[in-house]
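Work through the exercises below with the sequence and the coordinates at hand, and try each task before reading its solution.

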Amino acid sequence: IIHQTAPTRCLYGKIAGFTSLWKTNFDDYDYYLHDDSAVWRLLLLSEQQEWHKVFPHLSQVLKCANSMTAISDLWRYLVLWEC
């Protein structure tokens, strides 16, 4: 499975080219693109999910995250945990 995050689902330029290469070269993998709003939906749902018990300080950590890159990294950890 390939999960990619981006600010929006509208990809252009080099990013669109790289994404196309991934889809072509790894066509036997499932590919998912998640925009910032999808990232936030999962993180905000964390308080309602079972893994919130495993990561009880997640909401406090999110308040300290100073970039969308850091927030996306936290999201990736949750996605990996869920898989």
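The exercises go from the whole chain to its helices and then to single residues.

The model is predicted, so that local features need pLDDT of at least 70 and side-chain atom pairs count only at pLDDT 80 or more, while totals for chains, interfaces and linings use all residues. Residues are numbered from 1 along each chain as its sequence is written, and side-chain values use heavy atoms, with hydrogens and water left out.

**Exercise 1. The chain as a whole**

Describe the order of the elements along the chain and the extent of its C-alpha trace.

Solution. Begin with the inventory: the chain has five helices and two strands, where helices (H or I, at least four residues) and strands (E, at least two) are DSSP runs numbered from the N terminus. Read from the N terminus, these elements follow the order β-α-β-α-α-α-α. Next take the principal axes, along which the C-alpha trace spans about 40 × 25 × 15 Å. Then turn to burial (buried is under 20% relative accessible area, exposed over 50%, partly exposed in between, with a 1.4 Å probe and protein chains only); buried residues make up 25% of the 83 residues.

**Exercise 2. The two strands**

Determine how β1 and β2 run relative to each other, parallel or antiparallel, and how many bridges join them.

Solution. The strands β1 and β2 run parallel and are joined by five bridges, given that two strands pair if DSSP finds at least two bridges between them. Within this pairing, Ala 6 is found opposite Asp 35 of β2. Adding helix α1 (residues 13-25) to β1 and β2 gives a right-handed β-α-β unit; the crossover is called right-handed if, with the strands pointing away from the viewer, the path from the first strand over the helix to the second runs clockwise.

**Exercise 3. The sides of α5 and α2**

Explain why the buried residues of α5 are on the same side of the helix, and then examine α2 in the same manner.

Solution. Helix α5 covers residues 68-82 and reaches 21 Å from its first C-alpha to its last, close to the expected 21 Å, a span defined as 1.5 Å times one less than the number of residues. Its buried residues are Ile 71, Ser 72, Leu 74, Trp 75, Leu 78 and Val 79. Because they cover an arc of only 155° around the axis, they are on the same side of α5; the arc is that of the directions from the helix axis to the C-beta atoms. Thr 69, Tyr 77 and Leu 80 are exposed on the other side. The buried residues of α5 pack against β1, β2, α2, α3 and α4.

In α2, the buried residues are Ala 38, Val 39 and Leu 43. Their arc of only 135° around the axis puts them on the same side of α2, whereas Arg 41 and Leu 44 are exposed on the face turned away. The cover over the buried residues of α2 includes β1, β2, α4 and α5.

**Exercise 4. His 34 and Trp 81**

Which residues does His 34 contact, leaving aside its neighbours within four places in sequence, and which does Trp 81 touch, not counting residues up to four places away?

Solution. Contact means heavy atoms within 4.5 Å. His 34, in strand β2, has a relative accessible area of 16% and is therefore buried. Its contacts beyond those neighbours are His 3, Gln 4, Thr 5, Ala 6, Arg 9 and Trp 75. The side chains of His 34 and His 3 make a polar contact at 2.8 Å (a pair of N or O atoms within 3.5 Å; within protein, one must be able to donate a hydrogen and the other to accept it, and residues adjacent in sequence count only if both atoms are side-chain atoms).

Trp 81, in helix α5, counts as partly exposed because its relative accessibility is 48%. With the stated neighbours not counted, Trp 81 touches Trp 51, Val 54 and Phe 55.
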